Amino acid sequence: MSSGHHALSFKVLISTAIALAVLTVITVAVRSIHIPSPFNIIVAISIAVVKAYLVVMYFMNLRNDSRFNLLSFVFSVLFLLILVGLTMLDTMFRVPIVPGF
Amino acid sequence: MSTSSGINADLGLKLKRFVTPDHPEVNYAQAEKGIKAWLTTVDHKKIGLMYLGAIAFFFFIGGLLALLLRAELWTPAKTFLDADAYNQVFTLHGAIMIFLVLVPSVPAALGNFFLPIMVGAKDVAFPRLNLLSFYIYLAGATFSLYSIVTGAVDTGWTFYTPYSATTGTSVVSMTLGVFILGFSSILTGLNFIVTLHKLRVPGLTWGKLPLFCWSLYATSVIQILATPVLAITLMLLVMERTLKIGIFDPALGGDPVLYQHFFWFYSHPAVYIMILPGFGIISEIIAIFSKRRIFGYWFIALSSMAIALIGFLVWGHHMFVSGQSTLSSIVFSLITFFVGIPTGIKIFNWVATMYKGSISMRTPMWYAMIFLFLFTIGGFTGVTLGTLSVDVHLHDTYYVVAHFHYVMMGGMLIAFLGGLHLWWPKMTGRMYNERWANIAAFLIFTGFNMTFFTQFILGAKGMPRRYYNYIDQFQSLHQFSTVGTWVLALGFTIILIYLLQSLGKKGVIASKNPWNGRSLEWLTTTPPVLENFTYTPVVIHGPYDFHKPIAEFEYGIESHGHGHHDASVHHSNEESVNA
Amino acid sequence: MSHNSSAVQSHVAHHFVDSEQQFDAAKFGMWIFLVTEILFFGGLFAAYIIYRAWYPDLYTMASTQLDTTMGAINTGVLIFSSLTMALSIWAAQHNDKKKTGIFLLVTIACAFAFMVIKYFEYTHKFHLGIFPGEAYTFTGIDHPKAHIFFSIYYMMTGLHGIHVIIGIGLIFWLWMKNNKGSFNSAYYTPIEIVGLYWHLVDIIWIFLFPLLYLID
Ligand code: HEM
Ligand SMILES: [Cu+2]
């Protein structure tokens with residue numbers, strides 16, 4: 001399972017960049033529709049995730065790469081989610097000790 | 001992965017037997033001579049030894065500070081340190097022992113020296129990065145020590161906000177020091193992971209990897225995933241002090257408990273950085289000195305990985321009384337119980353390995369026994385503390401102090417000493433005086449229990465930690481504990497003396513395999529040659545297959561390196577065989 | 001297993017068996033480094049999310065002070081620079097030294113453009129009194145924790161900016177090496193791994209942009 005020298009394709013790179021540009025325009029444009037609260041964040045982040053996916057898979061060429069490289073990337077995101085998730089288990093469920101504090 | 005493919009005649013490997021002599025004509029230390037060669041070396045063995053020297057030095061400093069602390073506690077009121085000085089000394093003691101001694105100890109010193117040899121490689125994957133990590137370590141150490149000169153730090157090693165954001169002491173230089181040390185730790189972990197993945201010799205599948213390597217792998221994963229969060233947290237703390245950004249300091253609108261979350265996201269996994277490599281050493285020692293194939297190889301290997309991963313889910317057990325939400329306290333307490341399981345699995349496997357083994361009680365094995373005894377106590381008291389309702393009473397008492405000394409000193413440090421005694425002959429080519437070694441081990445065991453078992457009792461009776469005075473009733477227990485530290489100091493002094501003596505003119509020359517081990521480091525010369533082997537070893541049997549004749553471990557193929565340093569090559573008696 | 005001596009080329013360090021092993025190791029090492037980068041920024045993202053969950057209004061109010069147009073332009077600039085970075089690898093794979101050099105230079109130019117736009121954004125805010133932390137004097141946002149939003153803003157964009165500057169240095173080093181003819185289709189490891197770094201810097205911005213600029 002050699003990971004390494006995968007020739008990049010000029011066409012694929014250019015198309016990726018175009019897709020990224022289009023998504024950027026969409027994410028800015030969507031803002032003027034004023035989607036109601038939690039959904040605007042969800043839309044913005046979903047678009048960002050798709051963009052990041054394109055960069056990782058095509059520019060960084062992870063789709064042709066060793067699975068350990070993919071695994072390390074997945075782990076970093078997973079552990080970031082653990083950090084945020086378990087911390088929010090506290091911050092979202094605190095009972096104010098001093099009323100009104 | 002080209003180098004890890006199983007041994008297979010179809011690959012066209014022409015196996016030969018390479019019987020290495022006991023001693024090389026030119027060993028790694030003789031191959032490049034002089035101070036400059038040492039300071040600029042990229043040889044993992046020399047870098048490991050330089051780390052060993054630096055760590056021993058800081059252990060000495062940290063130990064002196066501990067003796068000071070215990071001496072102050074001789075009387076209930078002020079003995080000779082005032083409250084501020086006491087705070088500074090325990091902060092420094094903790095920070096030095098954790099960040100400068102225990103975190104790098106086994107990986108950076110023994111791991112650096114042995115991991116590449118154990119996988120049959122010539123060096124780690126990135127030798128220059130390895131040297132860089134050593135200098136980053138020195139830079140970080142300098143920063144930390146600089147804080148002593150400029151007013152010391154009195155926050156404790158945890159640098160909790162809001163106090164750390166407001167105290168007048170030099171928190172910035174200390175935290176920058178720890179920040180820098182983090183990078184050194186990251187580079188070591190990165191190097192080990194890549195080395196283990198990419199540089200194993202033919203035949204050395206994951207299932208034949210010595211357990212010490214597995215434990216270092218798990219440790220490296222933690223170093224990679226946790227250390228960056230510590231780095232950014234300390235960065236934010238520095239910003240809090242300099243720019244008053246208001247993220248952690250409640251006076252500026254921030255949340256101090258958030259700091260604790262970020263800090264323990266690193267520091268609980270970091271306690272496993274400070275024990276997993278020790279587990280690895282104990283696995284090696286118990287297998288070698290029981291002369292038995294290790295019981296449950298995969299359980300031990302994978303439980304290290306399990307500990308590394310579950311270890312990320314329990315940090316909140318340090319925060320039960322911090323004001324975090326009750327929900328999270330309950331969840332963290334629950335998950336904490338699960339960490340005990342993989343640890344327990346290991347203990348059972350070690351005991352099962354010894355069962356009906358032919359045990360020889362040489363010095364490293366004594367340390368393994370001491371480890372089993374002390375670590376088990378440390379682990380069990382950890383589970384006690386993980387119990388939410390119990391911890392509300394015991395938090396911030398000497399019970400906690402005793403717990404973490406049982407795991408960190410009774411666990412990791414004892415394992416480190418075990419590893420040092422196991423590999424000293426290989427590293428230096430000399431054998432130490434085992435009688436003195438056993439006496440020292442006995443003194444350390446006794447002194448340790450005198451010092452710290454007492455503290456369980458003190459803690460249970462309500463003695464809070466980090467106080468320089470106490471009520472009169474506690475005096476006899478405190479004095480007993482202090483006397484224990486003197487016994488400990490005596491033990492360490494003896495170790496220093498006989499180790500240095502072994503290097504001198506009268507030192508006994510060690511053979512290449514004094515304990516009759518089977519992993520690759522025992523098959524090369526003592527001390528090893530510059531690039532570890534004069535051939536490329538090919539691994540056929542597992543590292544604990546003591547029932548197989550040693551000859552079957554000595555196969556290899558001609559080395560195809562670039563062959564500089566030819567001086568040290570070609571003294572092996574070669575004997576062709578058909579594989 | 002290639003043990004033939006032709007695999008032993010000048011750029012292969014002594015402890016690697018062949019060029020392939022060295023390339024794989026370098027790339028894997030870089031990916032692990034990127035893991036540390038993600039978690040390093042991750043602490044800031046965590047702080048961002050937690051404070052946003054605590055004070056959603058603050059974020060809505062404060063983000064009005066950020067210039068979406070400039071943010072969007074910068075997003076485009078970074079995406080384009082990622083493209084040219086990838087193209088420089090493509091050119092190296094085709095042994096085209098001249099194009100490799102040009103693409104690297106365009107990448108550097110984009111990075112500078114990004115920093116210039118950031119400079120204008122920062123100075124505009126400083127002008128209004130929007131500083132991180134204690135120095136914050138702006139009165140336009142009626143929220144007691146307004147300074148915290150901007151502390152987080154400055155920490156995140158500042159750390160990102162430092163990464164852009166480091167990237168400029170690294171890509172410049174690649175450009176010099178390329179001029180000396182160090183790269184060809186068999187050896188372009190440094191471009192590959194600096195490229196990975198540069199794309200990560202791009203990805204972080206891809207998240208920073210909607211998180212900071214596009215809050216309603
Ligand atoms: C079975 C595994 C373990 C469990 C369940 C456990 C549990 C705990 C708990 C609940 C505390 C917090 C007590 C308090 O502050 O009230 C604690 C503290 C501590 N533990 Fe452990 N522990 C375990 C193993 C370890 C190991 C292996 C190490 C290090 C090698 C370690 C090092 C520490 C340290 C340094 C502290 C004190 C931190 C401080 O407040 O300064 N523990 N442990
Ligand atoms: Cu813990």
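Trainee: How do the residues of the shell around ligand 1 divide between nonpolar, polar and charged?

Mentor: They divide into 12 nonpolar, 8 polar and 2 charged residues. In these classes Ala, Val, Leu, Ile, Met, Phe, Trp, Tyr, Cys and Pro count as nonpolar, Asp, Glu, Lys and Arg as charged, and the others, Gly among them, as polar. The model is predicted: local features need pLDDT of at least 70, and side-chain atom pairs count only at pLDDT 80 or more, while totals for chains, interfaces and linings use all residues. Residues are numbered from 1 along each chain as its sequence is written, chains are lettered from A and ligands numbered from 1 in the order in which they are written, and side-chain values use heavy atoms, with hydrogens and water left out.

Trainee: How many residues surround ligand 1, and which are the closest?

Mentor: A residue counts as near a molecule or strand if one of its heavy atoms lies within 4 Å of it. Here 22 residues surround ligand 1, and the closest are B:W157, B:D391, B:H395, B:H403 and B:R465.

Trainee: Which atom of ligand 1 lies 2.8 Å from a polar side-chain atom of B:H403?

Mentor: A polar contact is a pair of N or O atoms within 3.5 Å; within protein, one must be able to donate a hydrogen and the other to accept it, and residues adjacent in sequence count only if both atoms are side-chain atoms. For B:H403, the partner is a nitrogen atom of ligand 1. Oxygen atoms of ligand 1 serve two other side chains: B:D391 places a polar atom 2.5 Å from one, and B:R465 places a polar atom 2.8 Å from one. The elements that give two or more residues to the shell are α10 (256-273), α14 (363-386) and α16 (398-428) of chain B. Helices (H or I, at least four residues) and strands (E, at least two) are DSSP runs, numbered from the N terminus.

Trainee: At what angle do α16(B) and helix α17 of chain B cross?

Mentor: Axes are lines fitted to C-alpha atoms, for helices over the stretch in contact, and angles run from 0 to 180 degrees between N-to-C directions. Angles under 35 degrees count as roughly parallel, over 145 as roughly antiparallel, 65 to 115 as roughly perpendicular and the rest as oblique. The axes of α16(B) and α17(B) (residues 434-460) cross at roughly 165° and come within 8 Å, and the two helices are therefore roughly antiparallel.

Trainee: Which residues of α16(B) and α17(B) meet?

Mentor: Contact means heavy atoms within 4.5 Å. On the α16(B) side they include B:H403, B:Y406 and B:M409, and on the α17(B) side they include B:F448, B:F452 and B:F456. This contact divides into 16 nonpolar, 7 polar and no charged residues. B:H403 thus appears in this helix contact and among the closest residues to ligand 1.

Trainee: In what hand does α5(B) pass α11(B)?

Mentor: A crossing is left-handed if the near helix is turned anticlockwise from the far one by less than a right angle, and right-handed if clockwise. α5(B) passes α11(B) in a left-handed crossing. Helix α5 (residues 105-118) and helix α11 (residues 276-290) of chain B pack at about 50°, their axes 11 Å apart, and are therefore oblique to each other. In α5(B), B:V106, B:P107, B:L110 and B:M118 meet B:P277, B:I281 and B:E284 of α11(B). The contact divides into 6 nonpolar, no polar and 1 charged.

Trainee: How many helices and strands does chain C have?

Mentor: Chain C has 6 helices and 0 strands. Its C-alpha atoms fill a box of roughly 70 × 30 × 25 Å along the principal axes. Within chain C, α3 (residues 68-93) and α4 (residues 97-128) pack at about 165°, with axes 8 Å apart; they are therefore roughly antiparallel.

Trainee: Where are B:P162 and A:N61 found?

Mentor: Most residues other than glycine have a negative phi, and most peptide bonds are trans. B:P162 is found in the loop between α6 (127-149) and α7 (163-166) of chain B, and the bond from B:T161 to B:P162 is cis, with omega near 0°. A:N61 is found in the loop between α2 (37-59) and α3 (67-91) of chain A, with a positive phi near 60°.
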